[in-house]
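Open the structure in your viewer and keep the selection tool ready. The stops below say what to select and what is there.

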Amino acid sequence: MSTPDNTPKLITRDWLAIERTKLANERTFLAYFRTAIVFLGTGITILKIELFNSMKPFGIILITVAPIILTIGIVRLIYVRRLIRKHYNV
């Protein structure tokens, strides 16, 4: 069966597969977000605790890398979401 615009009609199994793919995409973004938060927190901790004075450059690197990781996660989330919508016409 086809819809009026000649795209094949999706059955329940196909819809569930699309939903699983969307959820996996969101889980991947949350992993990027979690990693960015850990990097940021660790970097701030290294800078604030005097015991880690010799590691201050590493703390600065972690604080610098955290927003980069978050940006990569956001870009990937949007890219994959658009790809799913385009491929499955959802």
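**A salt bridge within one helix**

Select Lys22 and Glu19: these two are 3 residues apart in helix H1, so about one helical turn separates them. Keep in mind during the tour that this is a predicted model. Show the side chains of Lys22 and Glu19, which meet in a salt bridge with an N to O distance of 3.5 Å. The count of salt bridges comes to 1. Are these two residues buried or exposed? Lys22 has 25% relative accessibility and counts as partly exposed. Glu19 is also partly exposed, at 36%.

**Two helices side by side**

Next, select residues 12-48, which make up H1, and colour them. Then select helix H2, residues 56-88. The axes of H1 and H2 are 7 Å apart and make an angle of about 170°. Because angles over 145 degrees count as roughly antiparallel, H1 is described as roughly antiparallel to H2. Which kinds of residue form the contact of H1 with H2? They divide into 24 nonpolar, 8 polar and 5 charged.

Now select Trp15, which is found in helix H1, and Tyr88. The two are 73 residues apart along the chain, yet their C-alpha atoms are separated by 9.4 Å. Trp15 is partly exposed, with a relative accessible area of 40%.

**A patch on the surface**

For the last stop, select Leu30, Phe33 and Ile37, and switch on the surface. Together they form a nonpolar patch there, with about 270 Å² of accessible area. Leu30 lies in helix H1 and is partly exposed, with a relative accessible area of 45%.

Conventions
Residues are numbered from 1 along each chain as its sequence is written. This is a predicted model: local features need pLDDT of at least 70, side-chain atom pairs count only at pLDDT 80 or more; totals for chains, interfaces and linings use all residues. Side-chain values use heavy atoms; hydrogens and water are left out. Helices (H or I, at least four residues) and strands (E, at least two) are DSSP runs, numbered from the N terminus. Buried means under 20% relative accessible area, exposed over 50%, partly exposed in between (1.4 Å probe, protein chains only). Axes are lines fitted to C-alpha atoms, for helices over the stretch in contact, and angles run from 0 to 180 degrees between N-to-C directions. Angles under 35 degrees count as roughly parallel, over 145 as roughly antiparallel, 65 to 115 as roughly perpendicular and the rest as oblique. Ala, Val, Leu, Ile, Met, Phe, Trp, Tyr, Cys and Pro count as nonpolar, Asp, Glu, Lys and Arg as charged, and the others, Gly among them, as polar. Patches are made of residues with over 30% relative accessible area and no salt bridge: like charges are joined within 9 Å, nonpolar side chains (Val, Leu, Ile, Met, Phe, Trp, Tyr) within 5 Å. Accessible areas come from the Shrake-Rupley method with a 1.4 Å probe; for residues, only the protein chains shown count as cover. A salt bridge is a side-chain nitrogen of Lys or Arg within 4 Å of a carboxyl oxygen of Asp or Glu.
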